[in-house]
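Colleague: Got a minute to walk me through this one? I'd like to start with the strands.
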Amino acid sequence: MKITFIAADGTETAVDAAEGESIMRAAVRNDVDGIIGECGGSMMCATCHCYVDEAWADATGQQEDGESDLLDCAASEVRPTSRLSCQIRMSAELEGVVIHLPESQL
Ligand code: FES
């Protein structure tokens with residue numbers, strides 16, 4: 001299933017993700033600049049911070065418990081659509097999801 005990442009400079013990168021794979025994993029596996037995922041998805045780093053495109057905000061759901069605390073440590077501005085991309089798993093409803101990347105993760 002397809003995920004489109006849009007970097008802060010507008011560069012778009014489309015990748016294929018497997019069902020159940022997190023958006024962070026799909027980004028790292030495809031060498032997408034802008035997602036680091038330092039802790040491997042265990043909600044300890046915030047280097048997988050992303051902005052879900054407004055049109056996809058409902059489909060990706062709300063932040064998980066503890067996400068907002070960790071997002072306070074994110075390097076870039078936190079917005080209403082901020083999520084930890086390791087906490088969003090791909091499913092049929094997210095086919096074609098659009099994810100914006102923050103300017104910096106560190
Ligand atoms: S990869 Fe570390 S919090 Fe998401």
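Modeller: Sure, here is a run through the sheet and its strands, bearing in mind that the model is predicted.

Colleague: What order do the strands take in the sheet?

Modeller: The order is β2-β1-β5-β3-β4, an open sheet of 5 strands with mixed pairing. β2 and β4 (82–84) are at the edges with a single partner strand each, so one side of each has no neighbour in the sheet. From one strand to the next, the twist averages 35 degrees.

Colleague: OK, β1 then. Which of its side chains are buried?

Modeller: Ile3 and Phe5 are, and they point to one face of β1 (residues 2–6). Lys2, Thr4 and Ile6 point to the other face and are not buried, so to speak of a pattern, the side chains alternate along the strand.

Colleague: How does β1 run relative to β2, parallel or antiparallel?

Modeller: Antiparallel, with 5 bridges joining β1 to β2 (residues 12–16). Lys2 stands opposite Asp16, and Ile6 stands opposite Glu12.

Colleague: And what's going on in the hairpin between them, say at Gly10?

Modeller: Gly10 takes a positive phi near 95 degrees there. The hairpin has 5 residues between β1 and β2.

Colleague: Switching to β5: how many bridges join it to β1?

Modeller: There are 4, and β1 and β5 (residues 97–100) run parallel.

Colleague: Which residue in β5 is the bridge partner of Ile6?

Modeller: That's His100. Ile6 therefore has Glu12 opposite in β2 and His100 as its bridge partner in β5, with β1 placed between β2 and β5 in the sheet order.

Note on methods: Residues numbered from 1 in each chain as written. Predicted model: local features only at pLDDT ≥ 70, side-chain atom pairs only at ≥ 80, totals over all residues. Buried ≥ 20, exposed ≤ 12 C-beta atoms within 10 Å, placed from the backbone. Helix = DSSP H or I, 4+ residues; strand = E, 2+ residues; numbered from the N terminus. Pairing = 2+ DSSP bridges. Axes fitted to C-alpha atoms, helices over the stretch in contact; angles between N-to-C directions.
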